[in-house]
Amino acid sequence: MNLFLLTALAMVAFAANSILNRVGLSGGDIGPAGFAMIRLASGAIVLLALLWAQGTRVAARPKPNMAAVAALTTYIVGFSFAYVSLDAGLGALLLFGGVQFTMFLGAFWSGQPIAARRWVGMAISLGGLCVLVWPSSTVTMPLGAVALMLAAALGWGIYSLIGTRVSDPLVATAWNFAYALPLSAIVCVPFVRGEPLGAQGITAAIVSGGLTSGLGYALWYRLLPRLGATTAALAQLSVPVIALGAGLILLDEPATIRAVVACALVCGGIAFALVTSKASKRV
């Protein structure tokens, strides 16, 4: 399967994660601490089982890449706790804007040349994202939740940058999930006792962890060395558009002219940034 189709599949998995988080956390059927821990545990179980089925020696666990483990934990836990008290549109803007900033800065810091059209394309796409998800004037901005979502964006950006240098994506992802679980427990366990824990929330967390996060992130780590930092960052701006389309189909959400224009801007900006001229270098 070619790079474009595999990247599109990874973006669909990320969009599905957004929907599963919405289903689990917005309905009050599960709390953020429980969702985060079940998500990580499910991902670790599925990925380690897959390694075992392939004949990989699971018992011979590698040393943890603590930067990757800390980044993954920060993203999973920060996103879950921010999501329950932050408007979904504002949260998406903070998350994907922060990821763009982190990954572009990482590429620049490492000395990779970034073509001007990539900056322009990113600006167009972010403008479209603002149009798509900008909250109403009545939406409050709790500073704690904003800080958590920005931390989640930083964590995911760093996790993705680390993935551009990974040689065995499945092994790396499996053990990142396994090592992140006890680290997340330090933060989450004190909150779990007072949280709701219903069947729908548990199911959403298991599917998110084992399928769209575990397998989705393993696929992402496989693609990152081929995509490069800025291409990977730009591709992720399509996730809110895919999630919107899924919401129209699965959740019967209404379509608006504003949403159509915004999606066109996001997709157009991505296309402009990634259609490389002969004189441009791909990063």
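This is a conversation about a predicted model and the labels attached to some of its residues and spaces.

Trainee: Why is Cys-188 called buried?

Mentor: Buried means under 20% relative accessible area. Cys-188 has 0% relative accessibility, so the label applies.

Trainee: And what makes Cys-263 buried or exposed?

Mentor: Use the cut-off again: under 20% is buried. Cys-263 has a relative accessible area of 14%, so buried it is.

Trainee: How do you know that Cys-263 is too far from the closest cysteine sulfur for a bond?

Mentor: A disulfide needs two cysteine sulfur atoms within 2.5 Å. The closest cysteine sulfur to that of Cys-263 belongs to Cys-267 and is 6.3 Å away, so there is no bond.

Trainee: How many disulfides does the structure hold, then?

Mentor: Zero.

Trainee: Let's go to the helices. Why is Ala-53 called exposed?

Mentor: Exposed means over 50%. Ala-53, in helix α2 (residues 32–53), has a relative accessible area of 60%, so the word fits.

Trainee: How far is Ala-53 from Leu-211 in space?

Mentor: Their C-alpha atoms are separated by 16 Å, while along the chain the two are 158 residues apart.

Trainee: Is Ser-208 buried or exposed, and what makes it so?

Mentor: Ser-208 sits in helix α8. Its relative accessible area is 0%, and buried means under 20%, so Ser-208 is buried.

Trainee: Which residues is Ser-208 in contact with, leaving aside its neighbours within four places in sequence?

Mentor: Asn-17, Leu-20, Asn-21, Phe-35, Arg-39, Ser-213 and Gly-214.

Trainee: Now the largest nonpolar core. Which of its members touch the most others?

Mentor: Leu-95, Leu-129, Leu-132 and Trp-220, out of 92 residues. Helix α3 (residues 66–83) gives the most to this core, 11 residues. In soluble globular proteins, nonpolar side chains tend to be buried together.

Trainee: What makes a residue eligible for a nonpolar core?

Mentor: A member has to be buried, one of the listed nonpolar types such as Leu or Trp, and joined to the set through side-chain atoms within 4.5 Å. Leu-95 is one of the members here. Beyond four places in sequence, Leu-95 is in contact with Tyr-75, Phe-79, Met-149, Ala-152 and Ala-153.

Trainee: Leu-95 turns up at the largest cavity too, right? Which residues lie nearest its centre?

Mentor: Of 13 lining residues, Phe-14, Ser-18, Tyr-75, Leu-95 and Phe-96 lie nearest the centre of the largest cavity. Two or more lining residues come from each of α1, α3 and α4 (88–109), and α1 gives the most, with four.

Trainee: What makes a space a cavity and not a pocket?

Mentor: A 1.4 Å probe fits in a cavity but cannot get out, whereas a pocket is open. The structure holds one cavity of 30 Å³ or more, and about 150 Å³ of space lies in the largest cavity.

Trainee: How many charged residues line the largest cavity?

Mentor: None; the lining has nine nonpolar and four polar residues.

Trainee: And the second largest pocket: what is its volume?

Mentor: About 460 Å³. Among its 20 lining residues, Phe-4, Thr-7, Ala-235, Ile-270 and Leu-274 are the closest to the centre. Helix α1 supplies the largest share of the lining, six residues.

Trainee: How do the residues of that lining divide by class?

Mentor: The second largest pocket has 13 nonpolar, four polar and three charged lining residues.

Notes: Residues are numbered from 1 along each chain as its sequence is written. This is a predicted model: local features need pLDDT of at least 70, side-chain atom pairs count only at pLDDT 80 or more; totals for chains, interfaces and linings use all residues. Side-chain values use heavy atoms; hydrogens and water are left out. On a 1 Å grid over the protein atoms alone, a cavity is a set of points where a 1.4 Å probe fits but cannot get out, and a pocket is an open set with protein on both sides within 12 Å along at least five of seven lines; lining residues have an atom within 4 Å of a point. Grid points are joined across faces, edges and corners, and a volume is the space filled by probe spheres set on the points. Ala, Val, Leu, Ile, Met, Phe, Trp, Tyr, Cys and Pro count as nonpolar, Asp, Glu, Lys and Arg as charged, and the others, Gly among them, as polar. Buried means under 20% relative accessible area, exposed over 50%, partly exposed in between (1.4 Å probe, protein chains only). Contact means heavy atoms within 4.5 Å.
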